[in-house]
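This report walks through one structure, element by element. Please keep the sequence and the 3D view open while reading.

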Amino acid sequence: MPQAVAGPEIERLIQLLGRMPGLGPRSARRAALQLIKKRDTLLAPLAEAMRVASERIVVCSNCGNVDTSEPCTVCRDPGRDPTTLVVVEDVSDLWALERSGAVKARYHVLGGVLSALDGVRPEHLNIARLVERAADPAVTEVILALNATVDGQTTAHYITEAIRHLDRRITRLAHGVPVGGELDYLDEGTLSAAIRSRTLF
């Protein structure tokens, strides 16, 4: 086991940073060192921002987004299309769609996907609330923006069955060749999906 090179407080900072996605032990040490070097302009403001966020962050009871207000900023936005409900697995997916600017609709965060292997059942997800929201007469389309994984597709099928009686238009994201993608580098599953989902040119 490597010997500690700093006091327990700094080692604790490194360990916590190392738990962040995309940060391994070496990256965590570099990040910690940068924070320490810029203590007044980076470390102290970051610590204060994290303290405030920890105190104020709530999960929106309407859609499942995280924000510092209830209902969240997205749900309060009057410029959103009330006829379209976009279903996502996680808040990170909601944020990714918002960054793209591709849709100006309302969202619903499931909080995960069904997974027999991990023991995730429908009652563990925000599906009951989704059925309630989809039953709103204003909603005409439900977009299933779930990941193209086995669990994501299983969840999409489950949701489709759960809201089929509402007679809503149920769509999913197109699968296939990404923008800028080269066919030679794509896997067979992606190529097959692209051929099946082909459109007029």
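## A loop with a cis proline

Pro-71 sits in the loop that runs between S2 and helix H4 (73-76). The peptide bond joining Glu-70 and Pro-71 is cis, with omega about 0°. The model is predicted.

## Cys-63 and its surroundings

Cys-63 belongs to another loop, the one between strand S1 (58-59) and strand S2 (66-67). Is Cys-63 buried or exposed? Its relative accessibility is 1%, so Cys-63 counts as buried.

Beyond its neighbours within four places in sequence, Cys-63 is in contact with two cysteines, Cys-72 and Cys-75. The other contacts of Cys-63 are Tyr-107, His-108, Val-109, Asn-126 and Arg-133. Gly-79 is 16 residues from Cys-63 in sequence, and their C-alpha atoms are 16 Å apart.

## The β-α-β unit

S3, helix H5 (residues 91-100) and S4 form a right-handed β-α-β unit. Strand S3 (residues 81-88) and S4 run parallel, and five bridges join them. Val-88 stands opposite Val-109 in S4. Strand S4 (residues 105-109) is mostly covered, with four of its five residues buried.

The helix of this unit, H5, contains Leu-97. Leu-97 counts as buried because its relative accessibility is 19%, and the cut-off for buried is under 20%. Which residues does Leu-97 touch, not counting those up to four places away in sequence? They are Val-86, Val-88, Ala-102, Tyr-107 and Ala-145. Of these, Val-86 is 11 residues from Leu-97 along the chain, with 9.6 Å between the C-alpha atoms.

## Nonpolar cores

The largest nonpolar core has 16 residues. Which of them touch the most other members? They are Val-87, Leu-110, Val-142 and Ile-159. Several elements feed this core: S3, helix H6 (127-134), strand S5 (141-144) and helix H7 (150-163) each supply at least two residues. Another core lies apart from it, with 15 residues, among them Cys-75, Val-91, Tyr-107 and Val-109. In soluble globular proteins, nonpolar side chains tend to be buried together.

Val-142 deserves a separate look. Leaving out residues up to four places away in sequence, Val-142 touches Leu-85, Val-87, Ala-134 and Ile-163. Val-142 also touches Arg-169, Ile-170 and Thr-171.

## A buried glutamate in S5

Glu-141 is found in strand S5. Its relative accessible area is 14%, so Glu-141 is buried. What does the side chain of Glu-141 make with the side chain of Thr-171? The two side chains make a polar contact at 2.8 Å.

Thr-171 is also one of the residues in contact with Glu-141 once neighbours within four places in sequence are set aside. The others are Thr-83, Thr-84, Leu-85 and Arg-169.

## Salt bridges

How many salt bridges does the structure hold? There are 10 salt bridges. One of them pairs Glu-11 with Arg-29, with the closest N and O atoms 3.4 Å apart. Glu-11 lies in helix H1 (residues 8-17) and Arg-29 in helix H2 (residues 25-37), so this pair ties together parts that are 18 residues apart in sequence. Glu-11 counts as buried, at 13% relative accessibility. Arg-29 is partly exposed, with a relative accessible area of 35%.

Arg-121 and Glu-123 meet through their side chains in a salt bridge of 2.7 Å, N to O. Arg-121 is partly exposed at a relative accessible area of 45%. Glu-123 counts as exposed at 54% relative accessibility, since exposed means over 50%. Elsewhere, salt bridges that share partners join Asp-77, Arg-80, Glu-98 and Lys-104 into one network. Within it, the side chains of Arg-80 and Asp-77 meet at 3.3 Å, N to O. Both Arg-80 and Asp-77 are buried.

## An unusual backbone angle

Asp-167 lies in the loop between H7 and strand S6 (169-172). Asp-167 is not a glycine, yet its phi is positive, about 60°. Is Asp-167 buried or exposed? With a relative accessible area of 72%, Asp-167 is exposed.

Terms used: Residues numbered from 1 in each chain as written. Predicted model: local features only at pLDDT ≥ 70, side-chain atom pairs only at ≥ 80, totals over all residues. Heavy atoms only, no water. Buried < 20%, exposed > 50% of the residue type's maximum accessible area, 1.4 Å probe, protein only. Contact = heavy atoms within 4.5 Å. Salt bridge = Lys/Arg side-chain N within 4 Å of Asp/Glu carboxyl O. Pairing = 2+ DSSP bridges. Right-handed = clockwise from strand over helix to strand, strands pointing away. Core = buried A, V, L, I, M, F, W, Y, C linked by side-chain atoms within 4.5 Å. Polar contact = N/O pair within 3.5 Å; in protein donor to acceptor, adjacent residues only side chain to side chain.
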